[in-house]
Every structure is written in C-alpha cells, then in structure tokens.
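Welcome, and please open your viewer. We will take a short walk through one protein chain, stop by stop, and at each stop you will get something to select.

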Amino acid sequence: MQLPEPYQQQAQAGQPTPGPTTDQARQLIDAVNEALAPPTAYRDDTPVPVVGSAPPVPQPGRPPMSQKATDASALMLSGGVATVLVGGSVSLVMVASGSADPAVCAIVFGAPAVLVLALNRLVKRAKTAVEAMPPVEHHHYNGTVVQDQRSINTQTRGVIANTRNQNCR
C-alpha cells in the first residue's frame, strides 16, 4: 500500500509518520471485514450441457441398491465386525491365560454367529405370527340390529347315511 503524498515526504525526511485518523481506521477495518466476509450465495441456473448419449456407467464402490438393501448390508457388515471383535478379544484373553483349546476357540468364534442366526429366526417367526393374525374388524350399524345366533345340529345315522339338519334355538 502506498502512503499519501504528505506522508511520503515525511517518511523521506526521516520524520515519524502519523497514523491514520479514527475515520480512516474505521474505513480500513470495514474494508478488511468486507474482504474477509463469506461470499453470498449464488446459484447458477444455466443448464448443464449434455456431453453425449451414452448411458451412465456404474461407478466403483458399492452398487446402487434400495434403501432396505443398503440398511441390511450395513447391518450385516457391522454384525460381522462385532463378531470378529468379540471372538478375537475372548480368544486373546484365553491365549493369555493359557486355557486356549481348539474346541474352546471354535465355540467362542461360533457362539456369536449361532446367536445371531437364532435371533434372526426368532424375529422372522414373530413377524409371520403378527402377519397371520386376522385383522381387527369394527362394524358400525345405524338403526335396529337383530343378532341371530342359531346353530345347526347335524346327525348322521345308520349304514345308509341319513342326514337330518335341525335348527336349534
């Protein structure tokens, strides 16, 4: 930044240059604050040019899936990590204590997987039980309602079948 003319003469003569006045200092502070302020939002509405007619190419990484499939995949990955962490830590404790045995290690690694499979089956059975329940029906009638609760008694007798249906009250 170049100094104004009177200040340049004083600086060349070796005299101390006075600082900016209060108004000049405020102007400088405002200019710095304006320069450092975050930019205002701008939206470019110009249409994106079409590059070609080729179909989209699958990108590397996870393939596109439904939300349900994505949730199930994340659940399976986190369950697998949890199983490895729990089984590995228990195995390390057994190795450190000297009581590690191949059968015991197999049980420790297999138990979480069996537990997850059992819980999965229990949840599936509970879902099918809930789905098998008949829906709740509510009937609303206006006017006089008569309920007829007669039952039909069926009797079959003899070698040659003779069926008689009787209305019972």
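The tour below starts with the whole chain and then moves on to single helices and residues.

**Stop 1: the whole chain**

Keep in mind that you are looking at a predicted model. Show the chain as a cartoon and look for 4 helices and 2 strands. If you follow the sequence from its start, these elements appear in the pattern α-α-α-α-β-β. Now colour the chain by burial: of its 169 residues, 4% are buried. Contacts tell a related story. Among those between residues at least 6 apart in sequence, 2% join residues at least 24 apart.

**Stop 2: helix α2**

Select residues 22-36, which form helix α2. From the first C-alpha to the last, α2 reaches 21 Å, close to the 21 Å expected for its 15 residues at 1.5 Å a residue. How many of the residues of α2 are buried? The count is 0, so this helix is hardly covered.

**Stop 3: helix α3**

Next, select residues 67-97, the helix called α3. With 31 residues, α3 reaches 45 Å between its first and last C-alpha, close to the 45 Å expected at 1.5 Å a residue. Which residues are buried here? Pick out S73, G87, S91 and M94. The buried residues of α3 pack against α4, a helix we will visit shortly.

Stay with S73 for a moment. Why does S73 count as buried? Its relative accessible area is 18%, and buried means under 20%. Leaving out neighbours within four places in sequence, you will find S73 in contact with R62 and M65.

Just past the end of α3, click on G98, whose phi is positive, near 90°.

**Stop 4: where α3 meets α4**

Add residues 102-132, helix α4, to your selection. Two packed helices are described by the angle between their axes and the distance between the axes. For α3 and α4, the axes come within 9 Å and cross at roughly 160°. That angle is over 145°, so α3 is roughly antiparallel to α4. The crossing of this pair is right-handed.

To see who touches whom, show side chains for T83, G87, G88, V90, S91 and M94 in α3. Then do likewise for their partners in α4: V104, C105, V108, F109 and P112. Sorted by class, this contact has 7 nonpolar residues, 4 polar ones and no charged ones. Notice that G87, S91 and M94 are also among the buried residues of α3.

Conventions:
Residues are numbered from 1 along each chain as its sequence is written. This is a predicted model: local features need pLDDT of at least 70, side-chain atom pairs count only at pLDDT 80 or more; totals for chains, interfaces and linings use all residues. Side-chain values use heavy atoms; hydrogens and water are left out. Axes are lines fitted to C-alpha atoms, for helices over the stretch in contact, and angles run from 0 to 180 degrees between N-to-C directions. Angles under 35 degrees count as roughly parallel, over 145 as roughly antiparallel, 65 to 115 as roughly perpendicular and the rest as oblique. A crossing is left-handed if the near helix is turned anticlockwise from the far one by less than a right angle, and right-handed if clockwise. Contact means heavy atoms within 4.5 Å. Ala, Val, Leu, Ile, Met, Phe, Trp, Tyr, Cys and Pro count as nonpolar, Asp, Glu, Lys and Arg as charged, and the others, Gly among them, as polar. The expected span of a helix is 1.5 Å times one less than its number of residues. Buried means under 20% relative accessible area, exposed over 50%, partly exposed in between (1.4 Å probe, protein chains only).
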